[in-house]
Amino acid sequence: MKRENEIIRVVDMYGDSLYRIAYLMLGKPQDAQDAVQEALLRYMEKSPDFKEHEHEKAWLLRVTANLCRDFLRFRRRHIFLNPDEIPNLCSAPESREIVKEMVMLPAKYKAVLLLFYVEGYQIKEVAGILGVTENTVKKRLQRGREALKQRIGM
């Protein structure tokens, strides 16, 4: 079991990133909080040791994404999102509109768009986090961008 200071450090360092991906995949703040909490519980239970903080972050992001997929599969529900519930993920008004539209995309596109554009991961890293091939990430990025352009009306 991890020490309390270690858990506080992890929450401070990665809590926002974990919440963003969970929120974009699940569409509801309460569900996102549940997914992040479960990911942190797994971190405490497994007590993995990492050589670098980036490995730790990638592990947490992957666990969170997997939990979100499991949650969506289990609930078999369609994401309904009230635009007023969207937290301020980006400060610029244009970015906020893009994020609002991104939330309405299918989960598989939201995850790659968030990890690639918002979190700044490379395609290879996104593939590792989501447990898919690099070609799958490239195709989802392409289709996600196309879907986003249609939603925005470009």
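**Figure 1. The whole chain, from one end to the other.** In what order do the elements of the chain run from the N terminus on? They run α-α-α-α-α-α-α, and the secondary structure comes to seven helices and zero strands. Please keep in mind that this is a predicted model. The chain has 154 residues, and buried residues make up 39% of them. About 9300 Å² of the chain is exposed, with carbon and sulfur atoms supplying 49% of that area. If you look at contacts between residues at least 6 apart in sequence, 65% of them join residues at least 24 apart.

**Figure 2. A look into the largest nonpolar core.** This core has 41 residues. Two or more residues come from each of these elements: α1 (4–26), α2 (29–46), α3 (53–75), α4 (93–103), α5 (107–118), α6 (123–130) and α7 (134–152). Which helix gives the most to the core? That is α1, with ten residues. A general idea to keep beside this view: in soluble globular proteins, nonpolar side chains tend to be buried together.

**Figure 3. L115 and its partners.** L115 and L130 are the residues with the most contacts inside the largest nonpolar core. Which residues does L115 touch, once its neighbours within four places in sequence are left aside? L115 is then in contact with I21, L61, G120, Y121, V126, I129 and L130. Try finding each of these partners in the structure above.

**Figure 4. S17 in helix α1.** Here we zoom in on S17, a residue placed in helix α1. Is S17 buried or exposed? S17 counts as buried because its relative accessibility is 6%, and buried means under 20%. Leaving aside neighbours within four places in sequence, S17 is in contact with K57, L61 and E119. You have met L61 already, since L61 is also one of the contacts of L115.

**Figure 5. The second largest pocket and its lining.** The volume of this pocket is about 170 Å³. Which residues line the pocket? The lining is made by M25, R69, L72, P106, A107, K108, A111, L130 and R140. Sorted by kind, these residues divide into six nonpolar, no polar and three charged. Helices α3 and α5 each supply at least two residues of the lining, and α5 gives the most, with three. L130 may look familiar here: along with L115, L130 has the most contacts inside the largest nonpolar core.

Terms used: Residues numbered from 1 in each chain as written. Predicted model: local features only at pLDDT ≥ 70, side-chain atom pairs only at ≥ 80, totals over all residues. Heavy atoms only, no water. Core = buried A, V, L, I, M, F, W, Y, C linked by side-chain atoms within 4.5 Å. Buried < 20%, exposed > 50% of the residue type's maximum accessible area, 1.4 Å probe, protein only. Helix = DSSP H or I, 4+ residues; strand = E, 2+ residues; numbered from the N terminus. Contact = heavy atoms within 4.5 Å. 1 Å grid on protein atoms, 1.4 Å probe; cavity = no way out; pocket = protein on both sides within 12 Å on 5 of 7 lines; lining within 4 Å. Points joined across faces, edges and corners; volume = space filled by probe spheres on them. Nonpolar A, V, L, I, M, F, W, Y, C, P; charged D, E, K, R; others polar. Areas by Shrake-Rupley, 256 points an atom, 1.4 Å probe, with all protein chains shown as cover.
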